[in-house]
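Work through the following exercises with the coordinates open, and compare each step with the solution given.

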Amino acid sequence: MCSSDIAPILDVHSAIPHPPFFFESWYNVGRTVTLSVIGFAALFTMLRVSGKRTLSKLNVFDFVFVVAVGSVFASSIISKDVTLVEGLAALGTLIVIQLVLAELAARYPAAERLINGEPTLLLSHGKFIPGALRKERVTEEEVRAAIREKGVTRVEDVDAVIMENDGTLSVAWESKKPGESSLVDAKVPAKGGAEQGSKPAAR
């Protein structure tokens with residue numbers, strides 16, 4: 001290719017305008033502000049109508065949903081090629097998919113395990129389970145930190161540490177040392193006991 005052939009290509013590339021860094025037009029500013037307000041109100045309404053399940057703690061399924069909703073919402077506001085109606089249609093579709101899959105998970109245990117996964121036992125009766133720790137890429141130090149967060153000083157007192165579907169560590173424990181329980185002075189009020197269906201003491 002000779003230099004005369006390269007010159008037109010360079011001219012075409014140099015003629016492509018660069019997007020402005022700080023300001024382009026008041027129309028774009030007004031469009032962004034308007035779409036942000038309307039889109040936020042619409043997304044808020046959709047999430048309220050869809051119920052608490054949409055706003056629950058994040059497992060893998062919910063995390064993908066949140067990331068997808070955030071991406072669509074941002075594109076609807078910023079991208080000039082996406083209209084408000086298109087953005088709302090995409091948000092509505094994602095919420096419907098989330099509701100359908102959540103309903104399947106609630107009705108069918110096999111679907112629930114496939115969608116949300118299963119909790120993993122990391123420690124049982126004071127003993128770490130190395131295979132489970134490697135599978136979930138959790139260290140013994142992280143498990144000990146979760147135990148300390150519950151105010152437990154002895155790993156041997158812990159019956160189980162479970163990694164839940166949302167990635168949190170649940171600690172179930174009971175002290176193996178003899179001593180007085182901190183619940184020894186806890187009493188159920190008479191009125192509260194009656195409300196719970198307890199029988200009144202015989203006089």
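Contact here means heavy atoms within 4.5 Å. The coordinates belong to a predicted model.

**Exercise 1.** Describe the surroundings of arginine 31, and determine which side chain of opposite charge is nearest.

*Solution.* Begin with the location: arginine 31 belongs to helix α2, which covers residues 26-50. Next, list its contacts, leaving aside neighbours within four places in sequence; these are Ile77, Ile78, Ser79, Lys80 and Val82. Then look for a charged partner: the nearest side chain of opposite charge is that of glutamate 86, at 7.7 Å, and since a salt bridge requires a side-chain nitrogen within 4 Å of a carboxyl oxygen, arginine 31 is left buried with no salt bridge. Finally, turn to the backbone, where the oxygen of valine 82 lies 3.1 Å from the side chain of arginine 31.

**Exercise 2.** Establish how the buried residues of helix α7 are arranged about its axis, and what covers them.

*Solution.* First identify the buried residues of α7 (residues 140-149), which include Val143, Ala146 and Ile147. Viewed down the axis, the buried residues of α7 fall within an arc of 100 degrees, and therefore line one face of the helix. On the other side, Glu141, Arg148 and Glu149 are exposed. The cover over the buried residues includes β1, β2, α6, β3 and β4.

**Exercise 3.** Trace the pairing of strand β1 with β2 and with β3.

*Solution.* Take β2 (residues 127-128) to begin with: β1 pairs with β2 in the antiparallel sense over two bridges, and leucine 123 stands opposite phenylalanine 128. In the hairpin of these strands, with two residues between them, histidine 125 has a positive phi near 50 degrees. With β3, β1 is also antiparallel, over four bridges, and serine 124 has alanine 160 as its bridge partner.

How values were computed: Residues are numbered from 1 along each chain as its sequence is written. This is a predicted model: local features need pLDDT of at least 70, side-chain atom pairs count only at pLDDT 80 or more; totals for chains, interfaces and linings use all residues. Side-chain values use heavy atoms; hydrogens and water are left out. Buried means under 20% relative accessible area, exposed over 50%, partly exposed in between (1.4 Å probe, protein chains only). Lys and Arg count as positive and Asp and Glu as negative; His and the chain ends are not counted. A polar contact is a pair of N or O atoms within 3.5 Å; within protein, one must be able to donate a hydrogen and the other to accept it, and residues adjacent in sequence count only if both atoms are side-chain atoms. Two strands pair if DSSP finds at least two bridges between them. The arc is that of the directions from the helix axis to the C-beta atoms.
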